[in-house]
Amino acid sequence: VPVCSWGEGGAGEDADGMDFPAFFSPRSGVRSPAIVRSGEEVAQQYWSARELGLECGMLVAVPPPHAGDGGAGEEVEAAIQTALREAAAEVTGRDVTPYVLARVAELTGGASLAANVALVKRNAEVGAEIAVALQAARGAATDRAAPEVLVLGGSIVDITARPAPGADLVLRTSSPGRVFSSDGGVARNVAEALGRLGTSALLHTALGDDRRGRDLAARLEDVGVGVVAGAGAGTTTATCIAVLDGAGDLHVSVADLGILEAGPRWPVPSDEALCDAGLLVVDTNPGPQGLLPAVRAAVRAGVDVVLEPTSVPRAAEAAQDTELMGCIRYATPNADELLAMAGGKTRGPLRGDGGEDDAALLRDAAGVVLARMC
C-alpha cells in the first residue's frame, strides 16, 4: 500500500524535508516516504496503479492545521506527552485513557477539543478534494476515446465456497472453509479482456438494482471499460453460488439468472456509439429477441457483428432465428456449439478422436452455418 503525506509546503519541498505527521503535530520525527500536494496528484497515482492491475489502496496522511489556523496541534501534542509521563506514575490498565484525556484537556485549557475539530475539518477538506479529483480522472479516462468495440450480453457474479484444506462438507450445518467471488458472464469477460489489452470498449448488459451490480460495473470502469446497464427497480444481478466438496468437485449450485431472461432490460447501443465503433460483439444470453434490436442497428450503421454462442442450447436457439443469423458476420462456437447451430444437418456426431472424419463433419457444419450468416 503506497504511503504518503499531504504536502503543505512549497513546490520545492521533497520527502527528505517533511516528517510523516503525528496525530496532533505535523512532526513525528519520522521522515515521510513520499509527498503529494493535490487531489489531482493522488488521482493520477491511484488510476495509474489500476491500469497496472494493482488493486491496493493508498494511504494519505494529512498534517493537522497550523496553530494560526485554529489547530493548536503543537500545544496539544506537548500536553499529551506530559499526561502520558504522569499517567505512567499514577494509573494503570483501563484507567490510563480517561486519565490522559482529562489531563490533556486540563493542560490545554480546552484547546485539545478545538484541535480535534480543526483536524476533522481539514481531513474532510482534503478527502473531498481527492474524491472530486478521482471522479474527474475516471471521467477523463472514460472520455479519452470513443469505444472501438461495443459488447452486448451477460454479466454474472460467481460466488464459490469450499471446505478448509483437508476437510469435507458437513451437511445441515456450517462448514469452516473459504468463500470467494469473481465476476463472469461471456460478454463481461470479453469487455474486461479488451479493456486490459488497451482497447476502448463499452459493455451493454443487464445488471440488477443492487450492490453486486454497482460493484461489478465499478470494477469494469477501473480497467477502462464503460458500462451501459439495463435494470429495473427491485431486480437482482445474475448470481451463481457453487458449493464444492473437499476434493474441489461441485456439490450443489444455485443460479439466480432471472434477469438474463428479461428481454426488455437489454440496452441497445446508441447510434452515436455505433458510428464510432468498428465491431459489435454479442453473446447469446439475451436470446434472439434481446439481440435483434442491437444487431439491426449495427447492420444499419455498417458495423460488423460477432456472435459468441455461449452454450449448446443458446447456440441452437440463435441459429434457428433467420433474421438474427442474417446479421452476423463472424461467429465463435466451439465444436459442440457449431454442430448445434447446424441443426442436425450433418452426417452424425463427433467421434472425438480428432481424426479426418471429425474434421469433415465440422467443415460440413461450418458450411451450413456460414450459409445462414451475412
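Me: What covers the buried residues of α5 in this predicted model?
Reply: The cover includes strands β4 (149-152), β6 (177-184), β7 (201-206), β8 (225-230) and β11 (279-283), plus helix α6 (211-222).

Me: And which residues of α5 are buried?
Reply: Helix α5 spans residues 186-196, and A187, R188, A191, E192, L194 and G195 are the buried ones.

Me: What makes you say they line one face of the helix?
Reply: Look down the axis of α5: its buried residues fall within an arc of 160°, so they sit along one face.

Me: What comes just after α5?
Reply: That's G198, with a positive phi of about 90°.

Me: Okay, on to cysteines. How do you know that C327 is in no disulfide?
Reply: The structure holds 0 disulfides. For C327, the nearest cysteine sulfur belongs to C374 and is 7.1 Å away. A disulfide needs the two sulfur atoms within 2.5 Å, so that pair doesn't qualify.

Me: Why is C327 called buried?
Reply: Its relative accessible area is 11%. Buried means under 20%, so C327 gets the label.

Me: Why is V3 called partly exposed, then?
Reply: V3 comes in at 32%. Buried is under 20% and exposed is over 50%, so V3 lands in between. By the way, V3 lies in strand β1, residues 3-6.

Me: What makes V3 eligible for a surface patch?
Reply: Patch residues need over 30% relative accessible area, and V3 has 32%, so V3 clears that cut-off. Together with V1 and L59, V3 makes a nonpolar surface patch of about 260 Å².

Key. Residues numbered from 1 in each chain as written. Predicted model: local features only at pLDDT ≥ 70, side-chain atom pairs only at ≥ 80, totals over all residues. Heavy atoms only, no water. Patch = residues over 30% accessible without salt bridge, like charges linked within 9 Å, V, L, I, M, F, W, Y side chains within 5 Å. Areas by Shrake-Rupley, 256 points an atom, 1.4 Å probe, with all protein chains shown as cover. Salt bridge = Lys/Arg side-chain N within 4 Å of Asp/Glu carboxyl O. Helix = DSSP H or I, 4+ residues; strand = E, 2+ residues; numbered from the N terminus. Buried < 20%, exposed > 50% of the residue type's maximum accessible area, 1.4 Å probe, protein only. Arc of directions from axis to C-beta. Contact = heavy atoms within 4.5 Å.
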